[in-house]
Amino acid sequence: MSCAMQDSAYAELFSHRATYSGTAPVGEWPALPFADVLHSVGNSHCHVVSTSDGLWGSAGLHNWARLETLAAGTRLLEGLAAVSSDGRVSALDCAGNATLIATLDTACAQSVTSGQFDAGSGALVVGCDSGVYLGTASTAKPSPLVREPSVDGGVIASATWAGYVAAATTQRLHWRRPSGEWWWEWISLAHGDVSTCDGDYDGGAVEGAPVALAFDAGHGSDGGLWIGHAFGLQVLDLTHGALQRFGVYDGPTGLPVANVTSLAVGAAELWVGTARGLARRTSSSGEWRYIAGRRWLPGAAVSAVVSPAGSPAT
């Protein structure tokens with residue numbers, strides 16, 4: 001489902017059940033021509049969703065149309081881009097028109113797990129079973145994305161912003177500074193373990209296998225990286241490399257519910273999709289609002305959240 005909350009901030013969330021748009025109460029949400037949303041990307045004026053019934057796009061919140069121009073098996077990337085099974089990486093518009101901007105190894109293209117296109121810088125990151133692939137978009141001369149050797153193993157989540165790159169495997173969270181230096185943090189499958197990373201930083205461990213990563217320009221002096229997993233939420237300070245936890249037992253600053261499924265950074269807030277509803281954190285105060293129940297959402301499980309800002313730098 002996709003819904004806009006009755007609030008000064010706007011967010012959209014998509015679940016496995018159906019998609020709804022608007023600011024009206026549940027009974028007045030318009031019916032849409034698809035259900036079973038698997039993934040979604042977009043910004044304040046354009047949305048593309050992947051469903052069990054194919055790909056759909058809309059300019060705004062209404063007038064959804066099936067995107068016949070995109071082949072079956074196309075994997076959407078954050079930032080309105082897509083990877084086809086034959087390795088074509090394309091930028092998308094609201095009508096689903098695809099403009100080739102890069103190419104990708106076919107084996108990776110057929111096992112894409114995550115990825116992001118930063119339209120501002122042209123940076124591309126794609127995570128797949130064979131690792132993480134990086135490159136720069138170009139419509140004039142699309143080039144192959146290159147596998148990053150610093151990241152070993154299959155990548156389960158990835159993101160990029162302003163020269164930073166993050167890629168998570170089941171064992172480590174790898175992240176790169178704009179200078180090109182790579183760092184990593186342990187991923188502990190034992191909740192509460194505080195193993196340290198390899199390097200000068202003693203930032204603790206990521207306390208679960210990441211399912212969502214989102215950069216936030218408004219966190220700290222150099223920005224932060226939000227990390228969502230089954231046990232809750234953490235943020236990595238990109239200046240010092242320290243990790244801060246937001247768990248369900250961490251008092252008023254803690255996450256209202258665990259089992260994070262998706263993240264989106266807005267202009268002044270963080271939206272967190274979970275298996276039991278939606279949570280919003282106001283950046284200035286650190287306060288949380290929990291949005292769940294039939295008044296707000298037709299279903300509990302949230303599979304993706306799209307910020308209208310379309311960029312963590314906004």
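Reader: In which strand is the place of valine 235?

Author: Valine 235 lies in strand S21, residues 232-237. Strands are DSSP runs (E, at least two residues), numbered from the N terminus. This is a predicted model, in which local features need pLDDT of at least 70, side-chain atom pairs count only at pLDDT 80 or more, and totals for chains, interfaces and linings use all residues. Residues are numbered from 1 along each chain as its sequence is written, and side-chain values use heavy atoms, with hydrogens and water left out.

Reader: Is valine 235 buried or exposed?

Author: Buried means under 20% relative accessible area, exposed over 50%, and partly exposed in between (1.4 Å probe, protein chains only). Valine 235 has a relative accessible area of 1%, so it is buried. In the chain, 53% of the 314 residues are buried.

Reader: Which residues is valine 235 in contact with, beyond its neighbours within four places in sequence?

Author: Contact means heavy atoms within 4.5 Å. Leaving those neighbours aside, the residues in contact with valine 235 include His219, Trp226, Leu243 and Phe246. Phenylalanine 246 is eleven residues away in sequence, and the C-alpha atoms of the two are 8.2 Å apart.

Reader: How is the sheet containing S23 ordered?

Author: Strands of a sheet pair through backbone hydrogen bonds, either parallel or antiparallel. Two strands pair if DSSP finds at least two bridges between them. Here four strands form an open antiparallel sheet in the order S23-S24-S25-S26. Strand S23 (260-265) and strand S26 (288-291) are at the edges with a single partner strand each, so one side of each has no neighbour in the sheet. S23 pairs with S24 (residues 269-274) over five bridges, and alanine 264 has tryptophan 271 in S24 as its bridge partner.
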